[in-house]
Amino acid sequence: MSLVALGACGNDVPPGAVAKVGDETITKDEFTKWLTAAVKSQAQGGAAVVPDPPDYAKCVAAKKKQPVTGKAKTTTAALKKQCSSEYTTLKRQVMQFLIQAQWVEQEADKQKIKVSDSDVQKTLQAQKKQAFPTEKAYQQFLKTSGMSEKDILFRVRLSQLQEKLTKKITQDAQKVSDADVETYYNKNKKRFAQPERRDLHVVLTKTEAKANEARSALDSGQSWKDVVKKYSIDQASKAQGGKLQSVAKGQQDKSLEDAVFAAKKGELTGPVKTQFGWYVFTVDKITPASQQSLDQSRDTIKNLLKSQRQQKSLDDFIKDFRDQYKGKTHCADDFRVAECDNAPKGATDTGPSGSAQPQPQGSSTAPSTAPSNTQPTP
């Protein structure tokens, strides 16, 4: 990226620039280049016309050439409004990308994080191989994307800086002691317990009389499959021949639950009245409640605590990171976004959009790991 050193003082954005981040500026040429690339990525092989404020003459003219669905004709004023809206969205996306890219570069430099040219090239070659069947296809992408290989390499390098920055930020959070694990286990034993579960055969009927008929049929030796097929109105268990497996407390109607967990294994029980009808059932299998031991839970708890601490350290860092760099980011009047210290009133940070990052046509994988968010991410 062509970021030139600023000779002026204070927060003044020099002529030919769209923003100043610390002692670096982002040029208007760089903004236009990435804006064009964003437009081309959205054109999907069609004619790419960059919205041209303030009159949007080229944009309006291009839209007039597009086929119109329906009988209604779109007015020049309406097309101009559409072009203006598109430009506003694209401008925000591109400015966010360029500003936050500077934030990451400056923070990486501050923390002495570097990536080698050879690593960047190695990653690019791997991504090219994955995204494009031939070198010719890659060159065609460059031709239509509005980006040079230098731009692609910049994006790969930026992604690698992010990865290293994130790793450095979260490395201390990965330390979880045995005492930490034990404390968590003791406070959350219920999370590592399995309740008693029972496997059943059930038949559900609308009336008590039908339930008694079903029970009599079972008592007489008829199979559950036949009795369920004839009498049951519960389609779910009926499809399983009356089987209802792994029932734990809190899952069934209270009346049925009380009867189920009071019944003995193999004992035909019912009819039991519930809000759904009348049940007759047997308990086929009882799986006793169990408690996972500390040793059995250790790896799960360690990974959980590590993940929680990494996320917290990252969240804390990003908040300070954004506040710090926003405070030294000043934008030209026509290019103010939420990341600027002179952001428009009411502007909120929605994060840069991936649509500002051109993607190759006919491929789901970009030839670079362009960040959808140039803040460090886990």
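## The main core

In this predicted model, the largest nonpolar core brings together 53 residues. Phe-31, Met-95, Ile-99 and Ile-152 are the ones with the most contacts inside this core. Several elements feed into the core with at least two residues each: strand S1 (17–21) and the helices H1 (28–43), H2 (57–65), H3 (76–110), H4 (117–131), H5 (135–145), H6 (149–170) and H12 (294–326). Helix H3 gives the largest share, with 13 residues.

Let's look at one of those well-connected residues. Leaving aside residues up to four places away in sequence, Ile-99 touches Ile-26, Thr-329, Cys-331, Val-337, Glu-339 and Cys-340. Apart from the largest core lies another one, of 13 residues, including Val-247, Phe-261, Ala-263 and Tyr-279.

## The four-stranded sheet

Now turn to the sheet. Its four strands follow the order S5-S4-S7-S6, they pair in the antiparallel sense, and the sheet is open. At the edges you will find strand S5 (243–247) and strand S6 (269–274), each pairing on one side only. From one strand to the next, the twist averages 40°.

Strands S4 (residues 197–205) and S7 (residues 277–287) are joined in antiparallel fashion over nine bridges. To trace this pairing by eye, you can start at Leu-204, whose bridge partner in S7 is Tyr-279.

## Helices on the sheet

Helix H9 (residues 224–231) packs on the sheet and touches S4 and S7, with its direction at about 45° to that of S4. Helix H11 (residues 254–262) lies across S4, S5, S6 and S7, and runs at about 160° to S6.

Phe-261 falls within the residue range of H11. The face of the Phe-261 ring has Lys-249 lying over it, at 5.5 Å from the ring centre.

## Aromatic rings

There are 13 aromatic pairs in the structure. Phe-132 and Phe-141 make a tilted pair, 5.5 Å from centre to centre and with 35° between the planes. Phe-132 is buried, at a relative accessible area of 8%, and Phe-141 is buried too, at 4%.

Tyr-184 and Phe-192 have ring centres 6.5 Å apart and planes at 75°, and therefore count as an edge-to-face pair. Tyr-184 is buried because its relative accessibility is 12%, under the 20% cut-off. Phe-192 counts as buried at 11%.

Finally, one aromatic cluster is formed by Trp-103, Phe-317, Phe-321 and Tyr-325.

Note on methods
Residues numbered from 1 in each chain as written. Predicted model: local features only at pLDDT ≥ 70, side-chain atom pairs only at ≥ 80, totals over all residues. Heavy atoms only, no water. Pairing = 2+ DSSP bridges. Axes fitted to C-alpha atoms, helices over the stretch in contact; angles between N-to-C directions. Contact = heavy atoms within 4.5 Å. Core = buried A, V, L, I, M, F, W, Y, C linked by side-chain atoms within 4.5 Å. Buried < 20%, exposed > 50% of the residue type's maximum accessible area, 1.4 Å probe, protein only. Phe/Tyr/Trp six-rings, centres within 6.5 Å; stacked < 30°, edge-to-face > 60°. Lys NZ or Arg CZ within 6 Å of the ring centre and 35° of its normal.
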